[in-house]
Amino acid sequence: MTRIAFLDVDGTILEHGSLIAPSTVTAIRQARANGHLVWLCTGRADGDIHPDVRAIGFDGAISNGGAYATRDGELVVQHPMHRDDVAAIEQYFQAHGIHYFLQTHEAVFASAGIESMMREYVRERLARRAAEIAALGHDVEPTTSIPRARPLADIDRDRVAKAVFVSPAADTVTHGAAELGERFHVIPGSIPLPGGSNGEIGLAGVTKGSAILEVLALLDLDPADAIGIGDSWNDVEMFEVVGTPVAMGNAVPELQRLAGRVTTSVLEDGVHNAFAELGLI
């Protein structure tokens, strides 16, 4: 029986911005050789997916947390925000002094000041993480990379899929959800900060889970036969719609409980071990 697996990127395939466990590459390629389908399912913009991840080879990609999906170079899911929705989010950010990124299918765009604000923190945090990874036996150099962003002035606001914010306030996820209202889906992000909060804002009903259901309908596949593997809060809806949800060992305990099935961490052969246990390889 052909099965389909949807894989998150950061914290599932990719660690430290550029490091992929060799077993992950082997597992994905072997699963596809065995006749199964493997799709990316990421919160990243399609144009911001790391080239080493793309080089593994996939049958398709859900991006921007479910707002877009591509198969064989063709867009098969498109749910950009209306300009009025983008304006409401930006007005909220500006009223509360919140730095942010806006994502389209093609790229990430940064508000003034966010890159300089994050650069030093990200450099220090990744240097610490590099030491932890080296202790696991992986050869990795500290990196100063931050999201590969373009100026906000260059964005086409008819193509915006979601926003990512970095806020000085600790309660912005809750506050933003209350102030913006039910039209929006506000969740915690995955950028660990020394203070404040980080999160994502998209349209309500536009999630990884909704995109997976569209893709499965296109492929005439049963959600009960689908697998979803991830580690972040934007993976919750994926866990809810697939028959076999799997949380990474590096996911927070609450997400592991929601998934019910847990594999090992990203650099400890998590994807490979999940695929092996589920009979894909």
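In this predicted model, strand S11 supplies the largest share of the lining of the largest cavity, namely four residues. This report begins with that cavity and then turns to the sheet, the helices that cross it, and two residues in loops.

**The cavity**

The structure holds one cavity of 30 Å³ or more, and the volume of the largest cavity is about 140 Å³. Its lining is made of 15 residues; Asn-64, Gly-65, His-185, Glu-200 and Val-206 lie nearest the centre. The elements that give two or more residues to this lining are S10 and S11. In general, empty space is located by rolling a probe the size of a water molecule over the atoms.

**The sheet**

Where does S11 stand in its sheet? The sheet is open and consists of six strands in the order S8-S7-S6-S9-S11-S10, with mixed pairing. Strand S8 (149-151) and strand S10 (184-188) are at the edges; each has a single partner strand, so one side of each is left without a neighbour in the sheet. On average, neighbouring strands of this sheet are turned by 30° against each other, direction ignored.

S11, which spans residues 197-203, pairs with S10 in the antiparallel sense over five bridges. S9 and S11 also pair in the antiparallel sense, over five bridges. The table lists residues that stand opposite one another in these pairings.

| Residue | Residue opposite, in S11 |
|---|---|
| Phe-165 | Gly-199 |
| His-185 | Gly-202 |
| Ile-187 | Glu-200 |

Two residues of the table, His-185 and Glu-200, are among those nearest the centre of the largest cavity. Is S11 mostly covered or mostly open? S11 is mostly covered, as seven of its seven residues are buried.

**Helices across the sheet**

Helix H3 (residues 83-95) lies across strand S6 (99-103), strand S9 (162-167), S10 and S11, and runs at about 165° to S6. Helix H5 (residues 172-180) lies across S9, S10 and S11, and its direction makes an angle of about 175° with S10. S11 is thus crossed by H3 and by H5.

**Helix H9**

Which residues of helix H9 are buried? In H9 (residues 270-277) they are Gly-270, Val-271, Ala-274 and Phe-275. These residues cover an arc of only 125° around the axis, which puts them on the same side of H9. A general rule fits this picture: an α-helix has 3.6 residues a turn, so residues three or four places apart point the same way. The cover over the buried residues of H9 includes strand S1 (4-7), helix H1 (22-33), strand S2 (37-41), strand S12 (226-230) and strand S13 (244-247). Just after H9, Gly-279 takes a positive phi of about 80°.

**Two loop residues with positive phi**

Asn-64 is found in the loop between strand S3 (60-63) and strand S4 (68-71). Its phi is near 55°, a positive value in a residue other than glycine. With a relative accessible area of 3%, Asn-64 counts as buried, because buried means under 20%. Asn-64 is also one of the residues nearest the centre of the largest cavity.

Asp-269 lies in the loop between helix H8 (253-259) and H9. Phi of Asp-269 is near 65°, likewise a positive value in a residue other than glycine. Is Asp-269 buried or exposed? Asp-269 is partly exposed, with a relative accessible area of 32%, since that class runs between the limits of 20% and 50%.

How values were computed. Residues are numbered from 1 along each chain as its sequence is written. This is a predicted model: local features need pLDDT of at least 70, side-chain atom pairs count only at pLDDT 80 or more; totals for chains, interfaces and linings use all residues. Side-chain values use heavy atoms; hydrogens and water are left out. Two strands pair if DSSP finds at least two bridges between them. Axes are lines fitted to C-alpha atoms, for helices over the stretch in contact, and angles run from 0 to 180 degrees between N-to-C directions. Contact means heavy atoms within 4.5 Å. Buried means under 20% relative accessible area, exposed over 50%, partly exposed in between (1.4 Å probe, protein chains only). The arc is that of the directions from the helix axis to the C-beta atoms. On a 1 Å grid over the protein atoms alone, a cavity is a set of points where a 1.4 Å probe fits but cannot get out, and a pocket is an open set with protein on both sides within 12 Å along at least five of seven lines; lining residues have an atom within 4 Å of a point. Grid points are joined across faces, edges and corners, and a volume is the space filled by probe spheres set on the points.
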